[in-house]
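Student: I would like a close look at a single part here. Please keep it brisk, and explain each term as you go.

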Amino acid sequence: MSERITRRRLSGRQKGKTDWKRVDALKDSDITKAIRKDPDTFEVTQKWFGEAMVLRPDRDKEPITVRLDSDMLDWFRKQGRGYQTRINAILRAYYENHHQ
């Protein structure tokens with residue numbers, strides 16, 4: 001294979017279960033064969049792109065300034081991209097359970 005796999009540690013002392021020696025030993029033909037057998041894989045075609053839709057949020061977002069506990073905000077940020085969306089989803093769940 002012409003590309004290298006980059007390994008990253010997610011957090012703490014987690015040990016992955018991936019057999020990296022086996023992965024490194026795979027040939028392109030092995031990977032291609034596995035892809036063909038995977039029922040969730042499909043060939044992306046021009047027709048597929050032509051039928052694709054861009055979905056927009058059903059509500060407008062409004063930028064605000066909000067004060068949050070720093071440890072909580074750090075935890076959300078460590079979850080990666082989309083942390084503000086996740087915070088919004090939690091607030092929405094609270095709202096929907098308490099709004100009359």
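Student: In which helix does Asn88 lie? Please start there and work outward.

Tutor: Asn88 lies in helix 5. A helix here is a DSSP run of H or I with at least four residues, a strand is a run of E with at least two, and both are numbered from the N terminus. Two points before we go on. This is a predicted model, with residues numbered from 1 along each chain as its sequence is written, and local features need pLDDT of at least 70. Side-chain atom pairs count only at pLDDT 80 or more, while totals for chains, interfaces and linings use all residues, and side-chain values use heavy atoms, without hydrogens and water.

Now back to Asn88. With a relative accessible area of 35%, Asn88 is partly exposed. That label sits between two others: buried is under 20% relative accessible area and exposed is over 50%, with a 1.4 Å probe and protein chains only.

Next, the space around Asn88. The largest pocket has a volume of about 720 Å³. Its lining has 18 residues, and Asn88 is among the closest to the centre, together with Ile64, Val66, Gln84 and Ile87. A pocket is found on a 1 Å grid over the protein atoms alone: it is an open set of points where a 1.4 Å probe fits, with protein on both sides within 12 Å along at least five of seven lines. A lining residue has an atom within 4 Å of a point. The volume is the space filled by probe spheres set on the points, which are joined across faces, edges and corners. The idea is simple: rolling a probe the size of a water molecule over the atoms shows where empty space is left.

Which elements build the lining? Helix 4 (70-78) and helix 5 (83-98) each supply at least two residues. Helix 5 gives the most, with seven. By type, the lining has 11 nonpolar, four polar and three charged residues. Nonpolar covers Ala, Val, Leu, Ile, Met, Phe, Trp, Tyr, Cys and Pro; charged covers Asp, Glu, Lys and Arg; the others, Gly among them, are polar.

Stay in helix 5. There, Arg92 forms a salt bridge with Glu96, their closest N and O atoms being 3.4 Å apart. A salt bridge needs a side-chain nitrogen of Lys or Arg within 4 Å of a carboxyl oxygen of Asp or Glu. Side chains of opposite charge can pair when their charged atoms come close. Arg92 and Glu96 are four residues apart, about one turn of the helix. Arg92 is partly exposed at 27% relative accessibility. Glu96 is partly exposed too, at 49%.

The structure holds two salt bridges. The other partners are Glu51 and Lys47, with closest N and O atoms 3.2 Å apart. Glu51 and Lys47 sit in helix 3 (residues 46-51), again four residues apart. Glu51 counts as exposed at 53%, and Lys47 counts as exposed at 60%.

Follow the chain past helix 5 and you reach the segment that holds Gln100. Gln100 is exposed, with a relative accessible area of 90%. Between helix 3 and helix 4 is a loop that contains Asp60. Asp60 is exposed as well, at 80%. From Asp60 to Leu91 in space, the C-alpha distance is 15 Å.

Last, step back to the protein chain. Where is Ala25 relative to Asn88? Their C-alpha atoms are 43 Å apart, and 63 residues separate them in sequence. The chain has five helices and zero strands. Its radius of gyration is 21 Å, well over the 13 Å that the globule rule gives for 100 residues, so the chain is more spread out than a compact globule. That radius is taken over C-alpha atoms, and the rule is 2.2 Å times the number of residues to the power 0.38. Along the principal axes, the C-alpha atoms fill a box of roughly 55 × 45 × 25 Å. Buried residues make up 5% of the 100 residues.
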